[in-house]
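This report is meant for a reader meeting the structure for the first time. It takes up the nonpolar cores, then a pair of helices, then the contact between chains, and ends with a single loop residue.

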Amino acid sequence: MVSLDISIQGKVYPNSLERVLDGLDFSVSKGEFVALVGPSGAGKSTLLNMIAGLEKSDPGEVLYNDSSMENRPPCKIGYIFQQPRLMPWLTVAENLRLVMPKVSDTQIETTLTRVGLSGKSASYSKQLSGGMQRRVSIARAFLTQPELLLLDEPFVSLDGPNAQRLRDLLLELWQEHKPTVVFVTHDLNEAIQLADRVLFLSSAPGRVVLDKLVDIQRPRLSEDNAFQQWKAQMLSEHSGLLEGDSQ
Amino acid sequence: MFVHRLKGMLFGALPLLVLFLFWQSAAMLLESNNFPSVIQVFTSLHLHLFDGDMLHHLLVTMMRVTVSFVIAMLLGVLIGVMMGAFARLNSAFDSLLVIALNIPALVTIILCYVWFGLVEASAIAAVAINKIPTVVVMVREGARVVDRDLLDVARVFQVSRFRYFFKVYLPQLYPFIMASARSGLSLIWKIVLVVELLGRSEGVGFQLGTFFQFFDIASILAYTLAFVAIILVIEGVIMRPLDRYIARGGYGQS
């Protein structure tokens with residue numbers, strides 16, 4: 001289990017003057033499910049990459065269990081990227097085995113069945129639809145049983161029922177293993193449905209403008225009264241929130 | 001299915017047949033010793049193959065081609081990957097690479113023979129040195145366009161260095177390595193013949209030089225045919241299956 005403390009003074013890409021992130025502070029406790037909601041260009045993906053150690057951060061900006069990371073994060077990470085990012089020269093099973101070399105065939109088949117891809121282990125990614133490729137990338141992240149799970153708008157191009165099924169699956173797996181989850185989305189309903197806490201980011205340069213606990217019993221359905229009320233109340237209190245404005 | 005394949009083969013052989021027919025009739029019209037007919041060439045091929053020592057010379061040349069090919073590919077890929085991956089290394093060695101690309105093969109061969117003596121090693125070195133720069137250039141292009149997003153996947157999931165290199169990095173270079181191997185094979189065997197002509201006492205190049213002195217054009221063409229046939233077999237038995245392996249899953253095809 002791992003907790004995160006993020007305190008980013010400012011993030012500027014090399015050869016650029018624009019700040020992507022500016023004074024961004026928040027913490028995620030062990031096993032917590034946090035959703036980050038913000039307009040596009042708010043630096044959400046940059047933030048995830050900094051947490052994952054793919055993007056450079058200064059000492060102290062990203063703390064794992066209260067200690068700075070050296071080169072790479074000190075725990076097992078599962079990352080579901082915006083694009084599936086499968087190796088096209090490897091089959092589905094080989095793609096999974098790349099991140100988990102010692103996994104058995106039955107384990108692979110079980111994981112694939114859970115994401116609705118049974119019998120596809122020998123397929124190459126070009127033979128799969130975009131939605132199926134995305135599910136493989138989800139299976140890849142789940143298979144490693146990560147301590148920290150990072151998701152970058154993972155359900156964005158899926159059709160409604162499939163997205164819902166995968167959201168349920170994500171919750172199921174989270175409740176089984178309780179990894180710490182940072183979930184980036186621009187869909188407020190999705191954030192409310194899944195997360196313990198929703199953080200709203202401002203437009204670029206990104207910082208946290210609102211940190212809100214979602215105190216609704218699970219399972220949450222967007223048709224439910226409690227869900228609707230919570231959302232309506234929050235939006236009335238903070239108009240312009242989804243445009244990245246806290247007023 | 002069988003008929004279809006047979007048709008395909010016939011269609012592929014047709015241009016060759018037309019060429020042979022044209023050649024034969026031209027030779028019969030000209031009746032010159034310097035322009036032997038197809039039949040004369042094949043008779044000579046048969047003679048060299050079964051009564052002469054053609055097989056021996058072919059083998060010797062093939063060995064030289066193989067060894068220098070392997071050396072050139074290994075070093076070329078290594079240097080190409082390094083130059084593609086490290087910008088500083090690339091700018092430091094770029095001008096050297098341009099020079100190496102433009103030194104005539106003949107100059108390298110002569111220098112190798114003069115400096116290292118008329119021995120097998122200098123022959124092999126001369127061929128390899130000629131080929132390495134072109135491999136470097138192609139592989140470097142591949143290393144420059146490697147997909148960082150896929151490398152990031154391997155980094156996040158903490159894939160071991162070995163698997164990172166062989167399962168994630170290198171497969172992205174395979175199409176480029178394959179292209180340089182293809183062009184390499186045809187270039188190398190031509191250079192090997194020059195090397196043999198200039199300073200070796202066996203091999204196809206040496207034989208061609210001897211036949212040239214006697215104006216034995218039929219034998220020259222017979223040796224050429226034999227060697228081209230070998231290259232075609234290599235193309236069919238090694239290169240094509242490799243191509244199919246690399247393109248598995250539709251990778252490298254648009």
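## Nonpolar cores

In this predicted model, the largest nonpolar core holds 70 residues, and those that touch the most other members are Val34(A), Leu150(A) and Phe183(A). The element that gives the most to this core is helix H4 of chain A, residues 130-143, which supplies six residues. Apart from this core lies another one, made up of 45 residues, and Leu173(B), Ala181(B), Leu185(B) and Leu208(B) are among them. In soluble globular proteins, nonpolar side chains tend to be buried together.

Phe183(A) can be followed further through its contacts. When its neighbours within four places in sequence are left aside, Phe183(A) is in contact with Phe33(A), Val34(A), Ala35(A) and Leu36(A), and also with Leu151(A), Leu194(A) and Ala195(A).

## Two helices of chain B

In chain B, helix H3 (residues 54-85) packs with helix H10 (residues 217-246) at an angle of about 50 degrees, and their axes are 11 Å apart. Because of that angle, H3(B) is oblique to H10(B). The crossing in which H3(B) passes H10(B) is right-handed.

On the H3(B) side, the residues that meet the other helix are Met54(B), Leu58(B) and Met62(B), while H10(B) brings Ala226(B), Phe227(B) and Ile230(B). Sorted by type, the residues of this contact of H3(B) with H10(B) comprise six nonpolar ones, with no polar and no charged residues.

## Where the chains meet

Between the two chains, 16 residues of chain B are in contact with 16 residues of chain A. On the side of chain B that touches chain A, the elements that give two or more residues are helix H7 (148-156) and helix H8 (161-199) of chain B. H7(B) gives the most to that side, with six residues.

The side of chain B that touches chain A has a mixed make-up, for its residues divide into eight nonpolar, two polar and six charged.

## A loop residue in chain A

Asp215(A) is found in the loop that runs between strand S10 (208-213) and helix H7 (225-237) of chain A. Is Asp215(A) buried or exposed? Asp215(A) counts as exposed, because it has 9 C-beta neighbours inside 10 Å, and a residue is exposed if that number is 12 or fewer.

Asp215(A) can also be placed relative to Ser27(A): these residues are 188 residues apart in sequence, and they lie 18 Å apart in space, taken from C-alpha to C-alpha.

Terms used: Residues are numbered from 1 along each chain as its sequence is written. Chains are lettered from A and ligands numbered from 1 in the order in which they are written. This is a predicted model: local features need pLDDT of at least 70, side-chain atom pairs count only at pLDDT 80 or more; totals for chains, interfaces and linings use all residues. A nonpolar core is a set of buried Ala, Val, Leu, Ile, Met, Phe, Trp, Tyr and Cys residues joined through C-beta atoms within 7 Å. A residue is buried if 20 or more other C-beta atoms lie within 10 Å of its own, exposed if 12 or fewer, and partly exposed in between; C-beta atoms are placed from the backbone. Helices (H or I, at least four residues) and strands (E, at least two) are DSSP runs, numbered from the N terminus. Two residues are in contact if their C-beta atoms, placed from the backbone, lie within 7 Å. Axes are lines fitted to C-alpha atoms, for helices over the stretch in contact, and angles run from 0 to 180 degrees between N-to-C directions. Angles under 35 degrees count as roughly parallel, over 145 as roughly antiparallel, 65 to 115 as roughly perpendicular and the rest as oblique. A crossing is left-handed if the near helix is turned anticlockwise from the far one by less than a right angle, and right-handed if clockwise. Ala, Val, Leu, Ile, Met, Phe, Trp, Tyr, Cys and Pro count as nonpolar, Asp, Glu, Lys and Arg as charged, and the others, Gly among them, as polar.
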